[in-house]
Amino acid sequence: MTSNTRVVVIGAGLAGVRLARRLAELGRSVTLVGDEEHHPYNRVLLAEVLAGRYSPEVIALPAPADLVRARVTGIDRAERTVECADGTKIAYDTLVLATGSNPVLPPLRGLFTPDHVLPDGVHAFRTMDDCLGLSEAVRPGARAVVIGGGLLGVSAARALALRGAQVVLAQQSERLMERQLDPAASKLVRRHLTDLGVEVHTDLRVRDVRCVNGSVRSVEMADGYAMDADLVVLACGVHPRVGLAQVAGLDVRKGIVVDDELRTSDPHIRALGDCAQHDGTVYGLATPALEQADVLAELLASEAGTTGDPHARYTGTRSLTRLTLAGEGFFDLAAFGETEALPGDDVVQLADATRGTYRKVVVRDDRLVGGVLVGELGTVGALARAWEGAEPLPADGAPLLHLLTNDGGS
C-alpha cells in the first residue's frame, strides 16, 4: 500500500472514532461514516444523560475532520466501494467495519404495530435518539416497566427512578446482572434499586405488550398478571450488527470473524468492536473495542509506510465490567473473570452489611481467576492486574488478603 490509499471506517461509535483519531495521530488519513445525525458520543454514558446528570454535549466524542453522515446500504468488494442510501459511493482501499450492535427486541405479542414500528411509549435503549425519546417521555409519576435486568436494564431503571418515574424492573432469570455477578453481589444491586423505589421482579417472563390506539397501556406476564405502563423500556441485550458483512459474503458467525490483525475473510476489509468475533468471542464491551482500534491503527499506519507498528497484534482482552452509578445513592461495582467458584477453588470473601460493601475473589491452582467488588473499589486496580497477569500467587495467601483490604476497608 502507499501513503495515499483510502481508509474508510463505517461506524462512528467508540471503536470507529478511536481508530480514526489514532490513525490521524499516526499520519494516516481516514474517512469516518456514521449513520446517526448526532455528533459521535460515548454510548456507555447514555444512562447518565437519561438520569439528567449529563447533557448530550458532555458525552460527545472528538470526531475527526472527515466525518460523513450517511447510511451505508451495501459493499461492492470487487469495485471496493460502499454505497450509501442517498446513492453516493465512497471508494476504499481498506474498509473497516465498526458497525456495533443492535438491541435485542424480544418476541412479545403486541410489540410492533402493523407498520412494524414500536408503539408509542415503547423504547429500545441503545442510541442517543432512544435516550432523548425516553427523556422527553418520562415524567414524575409515570409508570415505567423495564424489561431486562442486565447491565443496561439496571442502569435504565435507576435513571428513570431518579427522574421520578414509578419503575418496575422485570428480569426473566433468577437474579440481576447474572452474567457478571454472583448471587451476593446481585442482591446488593437489587437492594440499591429497591432503595431508590424500583420494584424488582426476577424469575418473571413478560408475554405481551398491550396497546390502545397505538400507545402502550400495560404489559402482561406469563402468569397472566398485568402491570399498567406508560413507558416500556426494552433492555434485553444486544446482538452484533452484521447485516452489511453478511450481504457482502464475509465470514460471519456470531459476529464478523477476524484474525489477530482484525482482518476479515476479505483481505481488504477489517472489523472491530461489537460487530467483530475474535477467536470465537464477541466481547460487546468498550475496553476490547478500544484495544482493537489501537492495534488496527498501528497496522494500517505501518502499511502506509508511516510510524505504525507492523508487528501489532490483537490477542484478546481479559475484560473487567464496571458500573458506576453516580449522584443520588452512589453505587459502584466491578467484576472480572469467573465470579462463581468451582469445586476445589479457594474463595476469599469479605462483607460489611452496614456499609453495603462486598468483596470476593476466586483462586484456582494458586491463580486469581475472578472477583467481584461492590462498594469501595480501592483495591480493584491491584486485583485486576493480578488477574490479568495470571501469575501464581504466593502460597501463604497473605498478599491476596492484603489486596482485598489495602484501602483500609472491611
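**Exercise 1. The three-stranded sheet**

Which residue is the bridge partner of V219 in β15? Describe the sheet to which the strand belongs.

*Solution.* The model is a predicted one, in which local features need pLDDT of at least 70 and side-chain atom pairs count only at pLDDT 80 or more, whereas totals for chains, interfaces and linings use all residues. Residues are numbered from 1 along each chain as its sequence is written, and side-chain values use heavy atoms, with hydrogens and water left out.

Step 1. The bridge partner of V219 in β15 is M227. Helices (H or I, at least four residues) and strands (E, at least two) are DSSP runs numbered from the N terminus, and two strands pair if DSSP finds at least two bridges between them.

Step 2. Strand β14 (residues 215-221) pairs with β15 over three bridges in the antiparallel sense.

Step 3. The open sheet consists of three strands in the order β13-β14-β15, with antiparallel pairing. Because β13 (206-212) and β15 (226-228) stand at the edges with a single partner strand each, one side of each has no neighbour in the sheet. On average, and with direction ignored, neighbouring strands of this sheet are turned by 30° against each other; axes are lines fitted to C-alpha atoms, and angles run from 0 to 180 degrees between N-to-C directions.

**Exercise 2. Helix α7 and the nonpolar cores**

Determine how the span of α7 relates to its expected value, what covers its buried residues, and what it gives to the largest nonpolar core.

*Solution.* Step 1. Helix α7 (residues 286-303) has 18 residues and reaches 26 Å from its first C-alpha to its last, close to the expected 26 Å, where the expected span is 1.5 Å times one less than the number of residues. G305, which follows α7, has a positive phi near 80°.

Step 2. The buried residues of α7 include P288, Q292, L296 and L300, buried meaning under 20% relative accessible area, exposed over 50%, and partly exposed in between (1.4 Å probe, protein chains only). Among the elements that cover the buried residues of α7 are β1 (7-10), α1 (14-25), β7 (94-97) and β19 (269-271), contact being defined as heavy atoms within 4.5 Å.

Step 3. The largest nonpolar core, that is, a set of buried Ala, Val, Leu, Ile, Met, Phe, Trp, Tyr and Cys residues joined through side-chain atoms within 4.5 Å, has 49 residues, and those with the most contacts inside it are L19, I75, L95, L97 and I256. With eight residues, α7 gives the most to this core. A second, separate core of 44 residues includes I59, A156, V198 and L325.

**Exercise 3. The aromatic pairs**

Classify the two aromatic pairs of the structure and locate their members.

*Solution.* Step 1. Rings of Phe, Tyr and Trp (its six-membered ring) pair if their centres lie within 6.5 Å, and planes under 30 degrees apart count as stacked, over 60 as edge-to-face and the rest as tilted. The structure holds two such pairs.

Step 2. The rings of Y283 and Y314, with centres 6.4 Å apart and planes at 85°, form an edge-to-face pair. Since Y283 lies in the loop between β20 (276-278) and α7, and Y314 in the loop between α7 and β21 (320-325), the pair ties together parts that are 31 residues apart in sequence. Y283 is partly exposed at 21% relative accessibility, whereas Y314 is buried at 2%.

Step 3. The rings of F336 and W387 have centres 5.1 Å apart and planes at 45°, so this pair is tilted. With F336 in strand β22 (residues 331-337) and W387 in helix α8 (residues 380-389), the pair ties together parts that are 51 residues apart in sequence. F336 is buried at 1% relative accessibility, and W387 is buried at 4%.

**Exercise 4. Strand β21 and Q180**

Establish which residues of β21 form its covered face, how the strand pairs with β22, and where Q180 lies.

*Solution.* Step 1. In a regular strand the side chains alternate between the two faces of the sheet. The covered face of β21 consists of T321, L323 and L325, and the uncovered one of L320, R322 and T324.

Step 2. β21 pairs with β22 in the antiparallel sense over six bridges, and the bridge partner of T324 in β22 is D332.

Step 3. Q180 is placed in the loop between β11 (166-170) and α5 (183-195), and counts as buried at 18% relative accessibility. Not counting residues up to four places away in sequence, Q180 touches T321, A335 and T339.
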